Amino acid sequence: MGLLERFEDGSAPLGVVGLGYVGLPLAVEMAKAGHHVIGFDISDEKVAHVNAGESYIPDVPAAELAALVKAGTIEATTDFQRAREVDGLVVCVPTPLNRMKEPDTSFMEAAAHSIAPYLHPDMLVTLESTTYPGTTEEIIQPILEAGGLKVGTDLFLAFSPERVDPGNPVYQTRNTPKVVGGVTPRCTQHAVAMYSGFIDHIVPVTSTRAAEMTKLLENIFRCVNIALMNELLQVSERMGINIWEVVDAAKTKPFGFMPFYPGPGLGGHCIPIDPFYLSWKAREYDFHTEFIELAGKVNENMPYYVVKRLMESLNTHHKSLAGSRVLLLGVAYKADIDDMRESPAIRIAELMLDRSAEVLYHDPWVPSFLVRGSEIPHVELTEEALAGVDAVVVVTDHSNVDYHAVVRAAPLILDTRNVLKGFDGSKVVRL
Ligand SMILES: NC(=O)c1ccc[n+]([C@@H]2O[C@H](COP(=O)([O-])OP(=O)(O)OC[C@H]3O[C@@H](n4cnc5c(N)ncnc54)[C@H](O)[C@@H]3O)[C@@H](O)[C@H]2O)c1
């Protein structure tokens with residue numbers, strides 16, 4: 001039976017390299033569709049958790065993973081030789097920026113080198129890590145072909161951006177349409193066949209570069225629009241206009257408008273990082289992506305703006321930030337998830353500590369909050385604790401927090417998310 005048929009009837013064993021927020025949900029979806037799945041990771045800890053049927057990703061229900069592991073459908077390993085056993089291999093390793101805000105492609109390269117010796121003819125490899133246009137063909141393809149297999153004939157290679165939105169109750173791996181672009185039309189055909197087995201809707205494009213650029217477009221679109229709202233927030237504040245009310249009014253327009261919201265700054269592994277992958281690559285083409293730079297500048301300033309607004313609010317209570325006890329309420333980068341990557345709460349806490357504030361936090365999702373290597377004390381939201389601080393800053397609008405109790409007990413609240421809509425008064429300051 002050929003590779004296409006094995007993908008189509010679900011008999012092809014599949015592998016996922018990188019079992020994180022993207023990889024583990026994907027592995028589970030593949031296994032639920034009947035494939036035998038081997039997960040590869042360099043982390044012994046993650047491999048052990050998967051093999052014990054323990055989920056460390058909130059979007060993956062523990063019982064679901066445990067049942068698949070028990071049935072022998074999913075297993076995990078740090079032994080990349082086992083890549084020999086699979087017909088399709090999906091790479092979803094991190095793509096951060098280095099300290100100079102340049103793409104760090106080392107994880108993708110390391111993953112490609114780890115699997116390359118074990119590739120076999122009639123096999124598909126796809127890359128899902130978010131990256132700049134050209135990565136699949138310029139970086140991954142030469143590493144995979146080094147052993148003699150040729151992409152397009154012996155081996156199929158494609159890029160397919162991951163669009164998972166952690167914590168989204170409606171759109172998850174299976175029902176989020178998947179864009180796929182292969183190095184050759186046969187590569188695309190094979191990638192479409194594999195993903196069709198466990199994703200509802202596949203959107204083929206004509207090249208890996210188009211697929212890579214699609215993901216960047218989506219995230220740059222968000223980054224630029226959020227920056228626009230952050231700028232309009234600041235001018236509205238000066239004009240005495242409530243920007244949140246304005247967005248609510250504007251979004252009643254049934255066409256030509258899509259709401260975006262201001263906030264304390266960007267967070268997560270995607271929106272603050274991905275746009276800079278394009279800016280960096282664009283320079284090779286003598287092009288400066290000014291929207292991205294400008295959006296980065298506005299968004300990176302937001303933690304400073306939050307601290308400025310806090311200082312002004314404390315001032316109206318005849319207090320200075322220096323010496324004040326400030327409770328950060330919610331520190332994950334967005335609501336109802338445990339992910340701290342690039343969270344604006346980190347920068348806000350640093351800026352407050354630099355200004356001699358005493359910083360505490362509460363987050364039902366985040367058990368430990370490290371800032372510059374030191375633990376920020378976690379407090380429970382008791383009436384006593386809330387009454388004992390000088391201010392609360394709502395950084396993340398988790399839904400499982402009793403905001404009525406916060407408003408009742410805390411002396412001052414700066415709300416960066418509009419979660420206290422309707423609670424206006426001298427105590428509540430909205431960003
Ligand atoms: N998290 C999201 O919401 C999201 C959404 C869309 C796209 N993405 C993109 O997907 C990619 C992965 O992101 P993530 O959030 O899953 O990251 P993650 O950090 O949660 O997971 C990455 C995993 O890869 C493993 N890993 C690192 N190097 C490896 C190697 N050489 N071989 C095997 N495993 C290795 C890590 O141990 C980790 O388990 C990134 O490019 C990211 O931009 C993430």
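## Exercises on domain architecture and the domain 1–domain 3 contact

The chain contains 15 helices and 15 strands, counted as DSSP runs (helices: H or I, at least four residues; strands: E, at least two). The model is predicted: local features need pLDDT of at least 70 and side-chain atom pairs pLDDT 80 or more, while totals for chains, interfaces and linings use all residues. Residues are numbered from 1 along each chain as its sequence is written, and side-chain values use heavy atoms, without hydrogens and water.

**Exercise 1.** Determine whether the radius of gyration agrees with that of a compact globule.

*Solution.* Step one: the rule, 2.2 Å times the number of residues to the power 0.38, is applied with C-alpha atoms. Step two: for 431 residues it gives a value near 22 Å, and the chain has 24 Å, which agrees.

**Exercise 2.** State the domain bounds and describe the burial between domain 1 and domain 3.

*Solution.* Step one: an automatic or database assignment yields domain 1 (3-206), domain 2 (215-282 + 289-295) and domain 3 (301-430). Step two: domains 1 and 3 bury about 470 Å² between them, 50% of it on carbon and sulfur atoms; this is accessible area (1.4 Å probe) lost on putting the two parts together, summed over both. Step three: of the area that domain 1 buries against domain 3, Tyr21, Pro58 and Pro166 supply 79%.

**Exercise 3.** Identify the salt bridge between domain 1 and domain 3.

*Solution.* Step one: the criterion is a side-chain nitrogen of Lys or Arg within 4 Å of a carboxyl oxygen of Asp or Glu. Step two: the count is 1. Step three: aspartate 165 pairs with lysine 334, their closest N and O atoms lying 2.4 Å apart.
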